[in-house]
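Notebook open, coffee poured. I want to go through the charged side chains and the domain contact here, one look-up at a time.

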Amino acid sequence: MLILAPITYPRSKAYSFIGFHNVQHLHQRIDKERTGVLVGTGMGGLTVFSDGVQNLIEKGYRKITPFFIPYSITNMSSALLAIELGFMGPNYSISTACATSNYCFYAAANHIRRGEAELMIAGGTEAAIIPIGLGGFVACRALSQRNDDPRTASRPWDKDRDGFVMGEGAGVLVMESLEHAMKRGAPIIAEYLGGAVNCDAHHMTDPRADGFGVSSCIERSLEDAGVSHEEVNYINAHATSTLAGDLAEINAIKKVFKNTSDIKINATKSMIGHCLGASGGLEAIATVKAITTGWLHPSINQFNPEPSVEFDTVANQKKQHEVNVAISNSFGFGGHNSVVAFSAFEP
(Lines give C-alpha, C1' and ligand atoms only; values in the text may rest on other atoms or scores of the structure.)
Protein backbone atom coordinates (compact mmCIF):
# COMPACT_ATOMS: atom_id res chain seq x y z
CA MET A 1 0.00 0.00 0.00
CA LEU A 2 1.31 3.47 -0.95
CA ILE A 3 0.12 6.51 0.93
CA LEU A 4 0.59 10.29 0.94
CA ALA A 5 1.94 11.87 4.09
CA PRO A 6 3.71 15.11 5.00
CA ILE A 7 7.31 15.79 5.90
CA THR A 8 8.55 19.07 7.34
CA TYR A 9 11.91 20.66 7.92
CA PRO A 10 13.18 23.59 9.94
CA ARG A 11 12.03 26.91 8.55
CA SER A 12 15.55 27.70 7.38
CA LYS A 13 15.12 25.05 4.68
CA ALA A 14 12.23 27.03 3.16
CA TYR A 15 10.38 23.99 1.81
CA SER A 16 6.64 23.62 2.39
CA PHE A 17 5.01 20.89 0.36
CA ILE A 18 1.68 22.06 -0.97
CA GLY A 19 -1.27 20.93 1.11
CA PHE A 20 0.80 19.26 3.83
CA HIS A 21 1.09 21.07 7.14
CA ASN A 22 0.67 21.04 10.93
CA VAL A 23 3.05 18.18 11.66
CA GLN A 24 6.09 17.80 13.89
CA HIS A 25 9.63 17.85 12.53
CA LEU A 26 10.43 14.28 11.54
CA HIS A 27 13.63 14.89 9.59
CA GLN A 28 15.69 12.67 11.86
CA ARG A 29 13.43 9.65 11.20
CA ILE A 30 14.07 9.57 7.44
CA ASP A 31 16.83 7.42 5.94
CA LYS A 32 18.25 9.84 3.39
CA GLU A 33 19.91 7.08 1.39
CA ARG A 34 16.49 5.55 0.75
CA THR A 35 14.65 8.80 0.09
CA GLY A 36 14.43 10.04 -3.49
CA VAL A 37 13.21 12.95 -5.58
CA LEU A 38 11.40 12.77 -8.90
CA VAL A 39 10.23 16.23 -9.94
CA GLY A 40 9.77 16.77 -13.65
CA THR A 41 9.19 19.71 -15.95
CA GLY A 42 7.79 20.00 -19.43
CA MET A 43 9.80 23.00 -20.61
CA GLY A 44 12.90 23.12 -18.39
CA GLY A 45 14.59 26.37 -17.38
CA LEU A 46 13.03 28.40 -20.16
CA THR A 47 13.79 31.85 -18.71
CA VAL A 48 17.49 31.09 -18.24
CA PHE A 49 17.66 29.59 -21.72
CA SER A 50 15.92 32.58 -23.32
CA ASP A 51 18.14 35.08 -21.47
CA GLY A 52 21.25 33.14 -22.47
CA VAL A 53 20.36 33.17 -26.14
CA GLN A 54 19.62 36.90 -25.99
CA ASN A 55 22.96 37.61 -24.31
CA LEU A 56 24.76 35.51 -26.89
CA ILE A 57 23.21 37.44 -29.78
CA GLU A 58 23.50 40.91 -28.26
CA LYS A 59 26.69 40.74 -26.16
CA GLY A 60 28.59 37.61 -27.13
CA TYR A 61 29.30 34.29 -25.44
CA ARG A 62 31.33 35.82 -22.59
CA LYS A 63 28.13 37.36 -21.22
CA ILE A 64 26.32 34.02 -20.89
CA THR A 65 25.86 33.13 -17.23
CA PRO A 66 27.73 30.05 -16.01
CA PHE A 67 24.38 28.84 -14.71
CA PHE A 68 22.99 28.72 -18.25
CA ILE A 69 23.43 24.96 -18.71
CA PRO A 70 22.75 23.83 -15.10
CA TYR A 71 19.54 25.85 -14.81
CA SER A 72 18.29 24.93 -18.30
CA ILE A 73 18.44 21.16 -18.05
CA THR A 74 15.31 19.46 -16.79
CA ASN A 75 16.93 17.18 -14.19
CA MET A 76 18.05 20.13 -12.08
CA SER A 77 14.63 20.47 -10.42
CA SER A 78 15.13 17.12 -8.73
CA ALA A 79 18.86 17.60 -8.21
CA LEU A 80 18.61 20.95 -6.43
CA LEU A 81 15.91 19.67 -4.11
CA ALA A 82 18.02 16.63 -3.24
CA ILE A 83 21.10 18.78 -2.65
CA GLU A 84 19.14 21.08 -0.35
CA LEU A 85 17.57 18.24 1.64
CA GLY A 86 20.36 15.67 1.41
CA PHE A 87 18.19 12.96 -0.15
CA MET A 88 20.43 10.36 -1.80
CA GLY A 89 17.90 7.89 -3.19
CA PRO A 90 16.60 7.65 -6.79
CA ASN A 91 16.87 11.06 -8.41
CA TYR A 92 16.03 12.16 -11.93
CA SER A 93 13.37 14.03 -13.87
CA ILE A 94 10.83 13.00 -16.46
CA SER A 95 9.74 15.30 -19.25
CA THR A 96 6.59 14.21 -21.07
CA ALA A 97 5.12 17.65 -21.74
CA CYS A 98 1.85 18.19 -19.87
CA ALA A 99 1.71 14.58 -18.67
CA THR A 100 4.96 14.99 -16.73
CA SER A 101 3.71 15.06 -13.13
CA ASN A 102 1.63 11.91 -13.39
CA TYR A 103 4.54 10.11 -15.03
CA CYS A 104 6.62 11.12 -12.01
CA PHE A 105 4.00 9.84 -9.53
CA TYR A 106 3.79 6.54 -11.39
CA ALA A 107 7.56 6.07 -11.52
CA ALA A 108 8.06 7.15 -7.90
CA ALA A 109 5.43 4.69 -6.70
CA ASN A 110 7.14 1.88 -8.56
CA HIS A 111 10.49 2.72 -6.93
CA ILE A 112 8.81 2.24 -3.56
CA ARG A 113 6.97 -0.91 -4.65
CA ARG A 114 10.25 -2.47 -5.85
CA GLY A 115 11.94 -1.66 -2.56
CA GLU A 116 14.37 0.82 -4.10
CA ALA A 117 13.17 3.68 -1.89
CA GLU A 118 11.14 4.15 1.28
CA LEU A 119 9.94 7.66 0.50
CA MET A 120 9.77 9.72 -2.69
CA ILE A 121 9.04 13.38 -3.31
CA ALA A 122 7.34 13.46 -6.71
CA GLY A 123 5.53 15.92 -8.93
CA GLY A 124 6.15 18.70 -11.41
CA THR A 125 7.22 22.31 -11.75
CA GLU A 126 6.93 24.85 -14.55
CA ALA A 127 7.61 28.54 -15.22
CA ALA A 128 7.09 29.29 -18.89
CA ILE A 129 5.18 32.58 -18.87
CA ILE A 130 7.73 34.60 -20.83
CA PRO A 131 7.51 35.94 -24.40
CA ILE A 132 9.12 32.91 -26.05
CA GLY A 133 6.98 30.51 -24.03
CA LEU A 134 3.72 32.26 -24.84
CA GLY A 135 4.78 32.96 -28.41
CA GLY A 136 5.56 29.34 -29.07
CA PHE A 137 2.10 28.19 -28.01
CA VAL A 138 0.48 31.02 -29.98
CA ALA A 139 2.39 29.84 -33.03
CA CYS A 140 0.91 26.35 -32.75
CA ARG A 141 -2.56 27.84 -32.12
CA ALA A 142 -3.01 26.31 -28.69
CA LEU A 143 -3.73 29.44 -26.63
CA SER A 144 -7.05 31.22 -26.19
CA GLN A 145 -7.37 34.49 -28.10
CA ARG A 146 -10.01 35.85 -25.71
CA ASN A 147 -7.78 38.75 -24.67
CA ASP A 148 -10.73 41.13 -24.24
CA ASP A 149 -12.14 38.94 -21.44
CA PRO A 150 -9.28 37.00 -19.83
CA ARG A 151 -11.26 35.98 -16.73
CA THR A 152 -13.55 33.78 -18.82
CA ALA A 153 -10.97 32.65 -21.38
CA SER A 154 -10.36 29.23 -19.83
CA ARG A 155 -13.66 27.43 -20.31
CA PRO A 156 -13.32 23.64 -20.69
CA TRP A 157 -16.31 21.88 -22.26
CA ASP A 158 -17.92 25.18 -23.24
CA LYS A 159 -18.99 25.42 -26.88
CA ASP A 160 -17.18 28.76 -27.23
CA ARG A 161 -13.78 27.61 -25.90
CA ASP A 162 -10.89 28.60 -28.13
CA GLY A 163 -7.72 27.35 -26.45
CA PHE A 164 -5.99 27.21 -23.09
CA VAL A 165 -4.71 29.91 -20.75
CA MET A 166 -1.16 29.34 -19.56
CA GLY A 167 -0.40 29.09 -15.86
CA GLU A 168 2.70 28.20 -13.90
CA GLY A 169 3.62 26.78 -10.52
CA ALA A 170 4.62 23.54 -8.84
CA GLY A 171 2.89 20.65 -7.12
CA VAL A 172 4.51 17.72 -5.34
CA LEU A 173 3.37 14.81 -3.19
CA VAL A 174 5.24 12.94 -0.48
CA MET A 175 4.76 9.26 -1.33
CA GLU A 176 5.76 6.35 0.87
CA SER A 177 4.76 2.87 1.96
CA LEU A 178 2.22 2.52 4.75
CA GLU A 179 4.79 0.73 6.89
CA HIS A 180 7.28 3.56 6.56
CA ALA A 181 4.72 6.28 7.27
CA MET A 182 3.53 4.52 10.41
CA LYS A 183 7.10 3.90 11.54
CA ARG A 184 7.93 7.61 11.39
CA GLY A 185 4.60 8.64 12.88
CA ALA A 186 3.36 10.58 9.88
CA PRO A 187 -0.29 11.62 9.64
CA ILE A 188 -1.61 9.88 6.52
CA ILE A 189 -3.49 12.08 4.08
CA ALA A 190 -4.67 9.70 1.33
CA GLU A 191 -3.80 6.51 -0.51
CA TYR A 192 -2.21 6.25 -3.94
CA LEU A 193 -3.88 3.24 -5.52
CA GLY A 194 -2.07 2.95 -8.84
CA GLY A 195 -1.58 4.44 -12.26
CA ALA A 196 -0.64 3.89 -15.88
CA VAL A 197 1.17 5.58 -18.76
CA ASN A 198 1.08 5.02 -22.52
CA CYS A 199 1.25 6.80 -25.88
CA ASP A 200 -1.29 7.60 -28.60
CA ALA A 201 1.38 7.04 -31.31
CA HIS A 202 -0.76 9.29 -33.50
CA HIS A 203 0.35 12.96 -33.84
CA MET A 204 2.75 15.47 -32.31
CA THR A 205 0.05 17.72 -30.88
CA ASP A 206 -3.42 16.40 -31.74
CA PRO A 207 -5.16 13.71 -29.66
CA ARG A 208 -6.74 10.66 -31.21
CA ALA A 209 -10.34 11.59 -31.95
CA ASP A 210 -11.54 8.16 -30.85
CA GLY A 211 -9.73 8.51 -27.52
CA PHE A 212 -8.36 4.96 -27.71
CA GLY A 213 -4.97 5.76 -26.15
CA VAL A 214 -6.60 7.56 -23.23
CA SER A 215 -9.28 4.93 -22.65
CA SER A 216 -6.62 2.23 -22.65
CA CYS A 217 -4.57 4.22 -20.15
CA ILE A 218 -7.56 4.62 -17.83
CA GLU A 219 -8.27 0.89 -18.03
CA ARG A 220 -4.67 0.04 -17.17
CA SER A 221 -4.64 2.48 -14.27
CA LEU A 222 -7.72 0.83 -12.75
CA GLU A 223 -6.13 -2.58 -13.22
CA ASP A 224 -2.94 -1.38 -11.51
CA ALA A 225 -5.01 0.17 -8.71
CA GLY A 226 -7.05 -2.99 -8.23
CA VAL A 227 -10.40 -1.19 -8.43
CA SER A 228 -13.50 -1.72 -10.55
CA HIS A 229 -15.09 0.80 -12.88
CA GLU A 230 -18.06 1.10 -10.53
CA GLU A 231 -15.86 2.25 -7.65
CA VAL A 232 -14.75 5.42 -9.46
CA ASN A 233 -17.03 8.38 -8.76
CA TYR A 234 -14.79 11.40 -9.36
CA ILE A 235 -12.49 12.39 -12.23
CA ASN A 236 -10.17 15.37 -12.23
CA ALA A 237 -9.98 15.84 -15.99
CA HIS A 238 -7.12 17.07 -18.13
CA ALA A 239 -9.65 19.44 -19.77
CA THR A 240 -7.46 22.24 -21.12
CA SER A 241 -10.18 24.22 -22.96
CA THR A 242 -9.02 23.23 -26.45
CA LEU A 243 -11.49 22.36 -29.19
CA ALA A 244 -10.21 18.87 -29.95
CA GLY A 245 -8.72 17.82 -26.62
CA ASP A 246 -11.73 18.34 -24.35
CA LEU A 247 -14.08 16.15 -26.36
CA ALA A 248 -11.44 13.51 -27.14
CA GLU A 249 -10.97 13.02 -23.39
CA ILE A 250 -14.72 12.85 -22.79
CA ASN A 251 -15.09 10.25 -25.55
CA ALA A 252 -12.35 8.17 -23.95
CA ILE A 253 -13.96 8.38 -20.51
CA LYS A 254 -17.30 7.28 -21.96
CA LYS A 255 -15.66 4.23 -23.47
CA VAL A 256 -14.45 3.15 -20.06
CA PHE A 257 -17.39 4.12 -17.85
CA LYS A 258 -20.70 2.98 -19.30
CA ASN A 259 -22.74 4.51 -16.46
CA THR A 260 -21.81 8.16 -15.98
CA SER A 261 -24.65 9.12 -13.65
CA ASP A 262 -22.66 8.64 -10.44
CA ILE A 263 -19.43 10.23 -11.68
CA LYS A 264 -18.61 13.87 -11.14
CA ILE A 265 -15.90 15.44 -13.26
CA ASN A 266 -14.25 18.85 -12.94
CA ALA A 267 -11.57 20.98 -14.58
CA THR A 268 -8.94 22.56 -12.35
CA LYS A 269 -7.52 24.40 -15.37
CA SER A 270 -10.69 26.46 -15.66
CA MET A 271 -9.47 28.35 -12.56
CA ILE A 272 -5.67 28.22 -12.62
CA GLY A 273 -4.91 27.79 -16.30
CA HIS A 274 -2.73 25.12 -17.84
CA CYS A 275 0.52 24.78 -15.88
CA LEU A 276 2.03 22.39 -18.43
CA GLY A 277 4.41 19.94 -16.71
CA ALA A 278 3.21 21.06 -13.27
CA SER A 279 -0.50 20.69 -14.04
CA GLY A 280 -0.73 17.05 -12.97
CA GLY A 281 0.97 17.84 -9.67
CA LEU A 282 -1.43 20.65 -8.88
CA GLU A 283 -4.42 18.59 -10.00
CA ALA A 284 -3.33 15.63 -7.87
CA ILE A 285 -3.38 17.97 -4.89
CA ALA A 286 -6.86 19.20 -5.89
CA THR A 287 -7.95 15.56 -6.16
CA VAL A 288 -6.57 14.68 -2.72
CA LYS A 289 -8.21 17.75 -1.20
CA ALA A 290 -11.53 16.67 -2.70
CA ILE A 291 -11.07 13.30 -1.01
CA THR A 292 -10.16 14.75 2.37
CA THR A 293 -12.69 17.61 2.47
CA GLY A 294 -15.68 16.14 0.64
CA TRP A 295 -15.89 19.21 -1.60
CA LEU A 296 -15.29 19.43 -5.33
CA HIS A 297 -14.12 22.74 -6.74
CA PRO A 298 -16.20 24.08 -9.62
CA SER A 299 -15.44 24.07 -13.31
CA ILE A 300 -15.92 27.77 -13.89
CA ASN A 301 -16.89 29.63 -17.06
CA GLN A 302 -19.52 27.06 -18.04
CA PHE A 303 -21.84 29.28 -20.08
CA ASN A 304 -22.77 27.18 -23.11
CA PRO A 305 -21.94 23.56 -22.32
CA GLU A 306 -21.25 20.92 -24.95
CA PRO A 307 -24.30 18.62 -24.96
CA SER A 308 -22.17 15.54 -25.63
CA VAL A 309 -20.32 15.81 -22.31
CA GLU A 310 -23.17 14.12 -20.37
CA PHE A 311 -21.41 14.38 -17.01
CA ASP A 312 -21.96 16.47 -13.92
CA THR A 313 -19.07 18.88 -14.48
CA VAL A 314 -19.59 20.76 -11.18
CA ALA A 315 -20.45 23.76 -13.29
CA ASN A 316 -19.70 27.18 -11.78
CA GLN A 317 -20.36 26.24 -8.14
CA LYS A 318 -18.57 23.85 -5.79
CA LYS A 319 -20.40 20.72 -4.66
CA GLN A 320 -20.22 18.33 -1.76
CA HIS A 321 -19.33 14.83 -2.84
CA GLU A 322 -18.05 11.83 -0.92
CA VAL A 323 -15.25 10.55 -3.11
CA ASN A 324 -14.82 6.80 -3.20
CA VAL A 325 -12.09 6.40 -5.84
CA ALA A 326 -10.76 9.32 -7.85
CA ILE A 327 -8.65 9.38 -10.98
CA SER A 328 -6.64 12.30 -12.32
CA ASN A 329 -5.85 12.52 -16.05
CA SER A 330 -2.90 14.25 -17.70
CA PHE A 331 -1.95 14.18 -21.38
CA GLY A 332 0.86 15.83 -23.30
CA PHE A 333 2.17 16.77 -26.73
CA GLY A 334 3.67 13.70 -28.35
CA GLY A 335 0.65 11.62 -27.39
CA HIS A 336 1.78 10.96 -23.82
CA ASN A 337 -1.09 9.75 -21.61
CA SER A 338 -1.06 9.28 -17.85
CA VAL A 339 -3.69 8.45 -15.24
CA VAL A 340 -3.30 8.07 -11.47
CA ALA A 341 -5.84 6.87 -8.91
CA PHE A 342 -6.35 7.93 -5.28
CA SER A 343 -8.72 7.16 -2.43
CA ALA A 344 -9.16 7.96 1.23
CA PHE A 345 -6.91 5.99 3.54
CA GLU A 346 -8.78 3.37 5.53
CA PRO A 347 -6.70 1.77 8.35
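Which residues are linked with Arg-161 in a network of salt bridges? I found Asp-246 and Glu-306 in that network with Arg-161. Note to self: this is a predicted model.

**Entry: the two domains**

I pulled the domain assignment, which gives domain 1 as 23-184 and domain 2 as 193-344. Their centres, taken over C-alpha atoms, are 20 Å apart. For contacts, I got 43 residues on the domain 1 side and 58 on the domain 2 side.

Next I wanted the size of the interface. It is often given as the accessible area lost when the parts come together. I read off about 3800 Å² buried between domain 1 and domain 2, with carbon and sulfur atoms giving 62% of that area. Arg-161 turned up again here: together with Cys-98 and Trp-157, this residue supplies 25% of the area that domain 1 buries against domain 2, more than any other three residues.

**Entry: polar links across the interface**

How many salt bridges run between domain 1 and domain 2? I count three. For the chain, the rule gives 12 salt bridges. I also looked at Arg-113 and Asp-224, whose side chains meet in a salt bridge with N to O at 3.1 Å. As for polar contacts, 25 residue pairs across the interface of domain 1 and domain 2 pass the rule, both partners at pLDDT 80 or more.

Then I asked which elements of domain 1 do the touching. Those giving two or more residues to the side that meets domain 2 are helix H4 (100-113), strand E3 (119-126) and strand E4 (169-177). H4 has the largest share, with seven residues.

**Entry: Glu-176**

I stayed with strand E4, since Glu-176 lies in it. Buried or exposed? Glu-176 counts as buried because its relative accessibility is 0%, and the cut-off for buried is under 20%. I checked what its side chain does for polar partners. There is a polar contact of 2.6 Å to the side chain of His-180, and another of 2.7 Å to the side chain of Arg-184. Leaving out residues up to four places away in sequence, I listed what Glu-176 touches, and the list includes Met-1, Leu-2, Ile-3, Ile-112, Leu-119 and Ala-186.

**Entry: Glu-249 and helix H8**

Another glutamate to look up: Glu-249, which lies in helix H8 (residues 243-256). What is the nearest side chain of opposite charge to Glu-249, and how far away is it? It is Lys-269, at 7.2 Å. I noted that Glu-249 is buried and has no salt bridge; the distance to Lys-269 is 7.2 Å and the rule wants the atoms within 4 Å. What I did find is a backbone partner: the nitrogen of Ala-239 sits 2.9 Å from a polar atom of the Glu-249 side chain. Beyond four places in sequence, Glu-249 is in contact with Ala-237, His-238, Ala-239, Asn-329 and Phe-331.

I went on to the rest of H8. Its buried residues are Asp-246, Ala-248, Glu-249, Ile-250, Ala-252, Ile-253 and Val-256. Asp-246 is the residue from the Arg-161 and Glu-306 network. A reminder on spacing: an α-helix has 3.6 residues a turn, so residues three or four places apart point the same way. The cover over the buried residues of H8 includes helix H7 (212-225), strand E6 (232-236), strand E7 (264-266) and strand E10 (325-332).

**Entry: three more salt bridges, by exposure**

I compared a few pairs by how open their partners are.

- Arg-155 and Asp-158 meet at 3.4 Å, N to O. Arg-155 is buried because its relative accessible area is 7%, and Asp-158 is buried at 0%.
- Lys-319 and Asp-312 have their closest N and O atoms 2.8 Å apart. Lys-319 counts as partly exposed at 31% relative accessibility, and Asp-312 as partly exposed at 23%.
- Glu-116 and Arg-114 have their closest N and O atoms 3.0 Å apart. Glu-116 is partly exposed at 37%, while Arg-114 counts as exposed because its relative accessibility is 52%.

Notes. Residues numbered from 1 in each chain as written. Predicted model: local features only at pLDDT ≥ 70, side-chain atom pairs only at ≥ 80, totals over all residues. Heavy atoms only, no water. Helix = DSSP H or I, 4+ residues; strand = E, 2+ residues; numbered from the N terminus. Buried < 20%, exposed > 50% of the residue type's maximum accessible area, 1.4 Å probe, protein only. Lys, Arg positive; Asp, Glu negative; His and termini not counted. Polar contact = N/O pair within 3.5 Å; in protein donor to acceptor, adjacent residues only side chain to side chain. Contact = heavy atoms within 4.5 Å. Domains from an automatic or database assignment. Buried area = accessible area lost by both parts, 1.4 Å probe.
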